[in-house]
Structures are given as structure tokens and as C-alpha cells.
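Take a moment with the sequence and the model below. Then we will walk through the fold, from its overall plan down to single residues.

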Amino acid sequence: MIDSSKFKTTTLLVQLGNAVTNYRNVKMEDIDLTSVQSDAIIALLRRQSITATELKEHLRLSQSTTAGIISRLETKGLICRAIDKDDARKALLRTTEEGKKLEEPLKEIALDVQTCLTDGMSESEVCEFDRLLQKALDNLNQIRTGKN
């Protein structure tokens, strides 16, 4: 029999990730985005333009999943592709004017999710929570990229 107390941290993190994704999806219904689509839009808003490969690496998703996200965002008129003036072989992804209008609602949703997530934590606990989450993420990313 599997003793779940031996991997409680993993179970809690998976449940937390699912809960955050679910909550974000509910909050974004009004703007017709999913959690991961909003992450893509946010990445574009931060960088002005990005290649599909850079977006894939930023989101840490497969190429096919990223391609699907890009396709849906293009269909919604939130992003567009443009040829890189320095390298015509590359297509750059950019937010459209409609995509840019999502910046404030996305910030509000992100703040709401973070507020709910850290409710009852002191400022120092939030800092420690963030530090530990980043450390755990860095550990797994090192394994993923083969840099361990």
C-alpha cells in the first residue's frame, strides 16, 4: 500500500496548482481566456514581441501545446505574427490592440489570485513562500533542462 504521507508535499503542490488554474480560469471567463492563454498574453505584453520558441520556453510547454495556444489567441484577434526585420525566417508574435486592452483586467485577476492564495500570511511569510516556491521550481527546471 502506498503511504501518501511520504509524498505529501508533492500532492499538496499538485492540488495547489490545480486550484490556482481552476480559480484563474473562472476569473477569466468574462474575458474569454484560459489561465495558460493569459500567461501567453502577459509574456507578450512584457516583451512587446516574442518568437514562438521563446514563448514555448517561457511557458515551459511543448511545441504543439504552444502552437495551439498561439492559434487560439490569433483566432480571438489578440495576437498577430509579423516577420522579424532582422531575420525573415523568424516570425514575431505581438499583441494586437485588442490584446493590449487585456493588460488591466489581467493585472486585476493576477492580484486577486495572489491575494486569495496568500490570505492570512504575514508579509514575511509571503516572501518566504515565494522564495521556497522559486527554489522548488528551480530544482525541477534544472532536471527538465538537464542542468543538474
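Helices and strands here are DSSP runs, numbered from the N terminus: a helix has at least four residues, a strand at least two. With that in hand, one residue can be placed at once: Q48 lies in the loop between α2 and β1 (49-51). Keep in mind that this is a predicted model.

Start with the overall plan. The protein chain has seven helices and three strands. Read along the sequence, they follow the pattern α-α-β-α-α-β-β-α-α-α. The C-alpha trace spans about 55 × 35 × 30 Å along its principal axes. Among contacts between residues at least 6 apart in sequence, 52% join residues at least 24 apart.

Now consider the surface. The accessible surface of the protein chain comes to about 10,400 Å². Carbon and sulfur atoms account for 53% of that area. The chain carries 22 positive and 23 negative side chains. The centres of these two sets lie 7 Å apart.

What about the inside? Of the 148 residues, 26% count as buried. In soluble globular proteins, nonpolar side chains tend to be buried together. In this model, the largest nonpolar core has 21 residues. Those with the most contacts inside this core are L33, I41, L55, L73, I79, L93 and L106. Four helices, α2 (35-47), α3 (52-59), α4 (63-75) and α6 (103-117), each supply at least two core residues. Which helix gives the most? That is α2, with six residues.

So look at α2 next. How far should its 13 residues reach? At 1.5 Å a residue, they should span 18 Å; the end C-alpha atoms are 19 Å apart, which agrees. Many letters of this helix are worth finding in the model: S35, Q37, S38, A40, I41, I42, A43, L44 and L45 are buried.

Helix α4 can be checked in the same way. Its 13 residues should span 18 Å at 1.5 Å a residue, and its end C-alpha atoms are 18 Å apart, which agrees. T66, G68, I69, I70 and L73 are the buried residues here. What covers them includes α2, α3, β2 (79-84) and β3 (87-95).

L73 shows how such packing works residue by residue. Which residues does L73 touch, leaving aside neighbours within four places in sequence? The contacts are L33, Q37, A40, I41, L78 and I79.

Next, the backbone. Most residues other than glycine have a negative phi. D32 has a positive phi of about 55 degrees although it is not a glycine. D32 sits in the loop between α1 and α2. Q48, also not a glycine, has a positive phi of about 70 degrees. Q48 follows α2. Is Q48 buried or exposed? At 54% relative accessibility, Q48 counts as exposed, because the cut-off for exposed is over 50%. Just after α4 comes G77, with a positive phi of about 75 degrees.

Finish with F7, in the segment before α1 (8-27). At 36% relative accessibility, F7 counts as partly exposed. That value falls between the cut-offs of under 20% for buried and over 50% for exposed. How far is F7 from I70 in space? Their C-alpha atoms are separated by 35 Å, and the two residues are 63 apart along the chain.

Notes
Residues numbered from 1 in each chain as written. Predicted model: local features only at pLDDT ≥ 70, side-chain atom pairs only at ≥ 80, totals over all residues. Heavy atoms only, no water. Core = buried A, V, L, I, M, F, W, Y, C linked by side-chain atoms within 4.5 Å. Buried < 20%, exposed > 50% of the residue type's maximum accessible area, 1.4 Å probe, protein only. Contact = heavy atoms within 4.5 Å. Areas by Shrake-Rupley, 256 points an atom, 1.4 Å probe, with all protein chains shown as cover. Lys, Arg positive; Asp, Glu negative; His and termini not counted. Charge placed at Lys NZ, Arg CZ, Asp CG, Glu CD. Expected span 1.5 Å × (residues − 1).
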